[in-house]
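Here are some exercises to work through with the model open beside you. Try each task on your own before you read the solution below it.

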Amino acid sequence: MSTAPASTVRSSLPVAELCVDEDDFEALAEPWGRLYRACAAATPFQSHAWLSSWWRSYGSPGRLRVLLVHQGGRLIAAAPLMRVDRPLPALKPLGGAISDFTDVLLDGSYEEEGTEALLSGLYALARTALIDFGEVRPGACVESLYERWPAPRRTLAASHCLELPALPMEGLLKRLPTPRAQRTRAKMRKLAAMGVQSRVVPVEEVESSVRTLLHLHQLQWQGRKVTSEHLQPRFHEHLLRSMRPMVAAGEAVLTEFRLDGEVLAADLTLLSGTLAGGYLYGAHPRLRERKVDVATMLLEACTRHTAGEHPRALSLLRGNEPYKHHWRPEPVPNRRFLLARRRTAPLVYAVAWGASGRQWAKRRVREREARRGGDGASS
């Protein structure tokens, strides 16, 4: 597909259209890729390979609603959405619960035109459904839509994320207290002495490596609490389908770790222009038995893709697990943006009240657990 000359693009008006056919969406890989690369705020979860694969594994027929903005034959903005009717009629981003960030895409060279056209298109769609963007990272493109929204809107808290700066491993170690940094360097020397070797998986081996990763992930969590979706066939199919084009486009990297000639760990890191996210890893229980510090091993591998000529922040993605705080990350909380019109405004209030109720219930549970812990300590 050829790209229209810049003069043609600028002299024409942006046109918004709704893509509801999954084959048409599948065919957008090339123009979507150009738009993705032209959007500085894009995260890996807005790449075409990720979203189109997710739709094939998780989407429902007839529910696709992808808002596209063209100007002079060039795709300059997009909002990848789907229609849901339960518990309330809403338009939500593609990617679902397995995606850590949601957003729209805006070509940085046509930001004003793209924003206004998306705003108009979304406003029309909000006539019959709530626009519900969950898990919005600070600095996302959808923030500008929210700021300009002319009708009822609401911001809610979403997941807690942690992030490290774009530094090599030695730079991250210098941020730690000296005793902790020394212990970590000792663990790295132990990895080298044991002969742990890492390698980046080439494109032609991606499918095999993904299968290895999923197998190791299952072994790692056997008998322990695990994210159940990661064990489902549809999740496996999604990763097997999406990773080869993402690796080929530089949107993902798979790393394998060998010990005594056997792959005993594997890591999947997703990449965009300014962000790297450690998405999924698997480690054989044998590594724990040999007291290998898997977290240090994985972080050292991830930092090879964050520093250098194209620096990327290293997101530890959603979750506030204690082990992540070892590296002194910065909190980067996600938000949820609700957009409506007057006739759909009650949907905003219903979602907000429901979210407040869930937060209240969680606080009560934490308070009860704290009281039980306090009673145990005093008895």
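**Exercise 1. A strand and its cover**

Is strand 12 (residues 275-283) mostly covered or mostly exposed, and how many of its residues are buried?

Solution. This is a predicted model, and the cut-off to apply here is that buried means under 20% relative accessible area. By that test, 7 of the 9 residues in strand 12 are buried, and the strand is mostly covered.

**Exercise 2. The partners of strand 12**

Find the strands that pair with strand 12, and give the sense of each pairing.

Solution.
- Step 1: Start with strand 11 (residues 262-271), which pairs with strand 12 in the antiparallel sense over 7 bridges. To place the register, look at Asp267, which stands opposite Tyr281 of strand 12.
- Step 2: Check the connection. Strand 11 and strand 12 are joined by a hairpin of 3 residues.
- Step 3: Turn to strand 13 (residues 313-318). Its pairing with strand 12 is parallel and has 3 bridges. Here Gly277 stands opposite Ser315 of strand 13.

**Exercise 3. The whole sheet**

Write down the strand order of the open sheet, and explain why strand 9 and strand 14 each have one side without a neighbour.

Solution.
- Step 1: The sheet is open, has 7 strands and mixed pairing, and its order reads 9-10-11-12-13-8-14.
- Step 2: Strand 9 (197-200) and strand 14 (330-331) stand at the edges; each has a single partner strand, so one side of each is left without a neighbour in the sheet.
- Step 3: Add one more pairing inside this order. Strand 10 (residues 252-259) runs antiparallel to strand 11, with 8 bridges joining them. Leu259 stands opposite Glu262 of strand 11.

As a reminder for viewing, side chains in a regular strand alternate between the two faces of the sheet.

**Exercise 4. Two helices that cross**

Describe how helix 9 (residues 206-220) packs against helix 10 (residues 233-248).

Solution.
- Step 1: The angle between the two helices is about 140°, and their axes are 9 Å apart.
- Step 2: Classify that angle. Angles over 145 degrees count as roughly antiparallel, so helix 9 is oblique to helix 10.
- Step 3: Give the handedness: helix 9 passes helix 10 in a right-handed crossing.
- Step 4: List the contact residues. Helix 9 contributes Val206, Glu207, Val210, Arg211 and Leu214, while helix 10 contributes Phe235, His236, Leu239, Leu240, Met243, Arg244 and Val247.
- Step 5: Sort them by class, which gives 8 nonpolar, 1 polar and 3 charged residues in the contact of helix 9 with helix 10.

**Exercise 5. One residue of that contact**

Which residues does Glu207 contact, leaving aside its neighbours within four places in sequence?

Solution.
- Step 1: Locate Glu207 in helix 9.
- Step 2: With those sequence neighbours left aside, Glu207 is in contact with Leu240 and Arg244.
- Step 3: Judge the exposure. Glu207 has 24% relative accessibility and therefore counts as partly exposed.

**Exercise 6. A second helix pair**

At what angle do helix 8 (residues 178-194) and helix 12 pack, and which residues make the contact?

Solution.
- Step 1: The angle is about 85°, with the axes 10 Å apart. That makes helix 8 roughly perpendicular to helix 12.
- Step 2: Thr184, Lys187, Met188 and Leu191 of helix 8 meet Thr296, Met297 and Glu300 of helix 12.
- Step 3: By class, the contact of helix 8 with helix 12 has 3 nonpolar, 2 polar and 2 charged residues.

**Exercise 7. Backbone details**

Where do Lys291 and Leu317 lie, and is each of them buried or exposed?

Solution.
- Step 1: Lys291 has a phi near 60°, a positive value in a residue other than glycine. Lys291 sits in the loop between helix 11 (285-289) and helix 12 (294-302), and at 64% relative accessibility it counts as exposed.
- Step 2: Leu317 also is not a glycine and has a positive phi of about 60°. Leu317 belongs to strand 13, and with 5% relative accessibility it counts as buried.

Which bond joins Arg86 and Pro87?

Solution. A cis peptide bond joins them, with omega about 0°. Pro87 is in the loop between strand 3 (74-84) and strand 4 (90-93).

Conventions:
Residues numbered from 1 in each chain as written. Predicted model: local features only at pLDDT ≥ 70, side-chain atom pairs only at ≥ 80, totals over all residues. Heavy atoms only, no water. Buried < 20%, exposed > 50% of the residue type's maximum accessible area, 1.4 Å probe, protein only. Helix = DSSP H or I, 4+ residues; strand = E, 2+ residues; numbered from the N terminus. Pairing = 2+ DSSP bridges. Axes fitted to C-alpha atoms, helices over the stretch in contact; angles between N-to-C directions. Parallel < 35°, antiparallel > 145°, perpendicular 65-115°, else oblique. Left-handed = near helix turned anticlockwise from the far one by under 90°. Contact = heavy atoms within 4.5 Å. Nonpolar A, V, L, I, M, F, W, Y, C, P; charged D, E, K, R; others polar.
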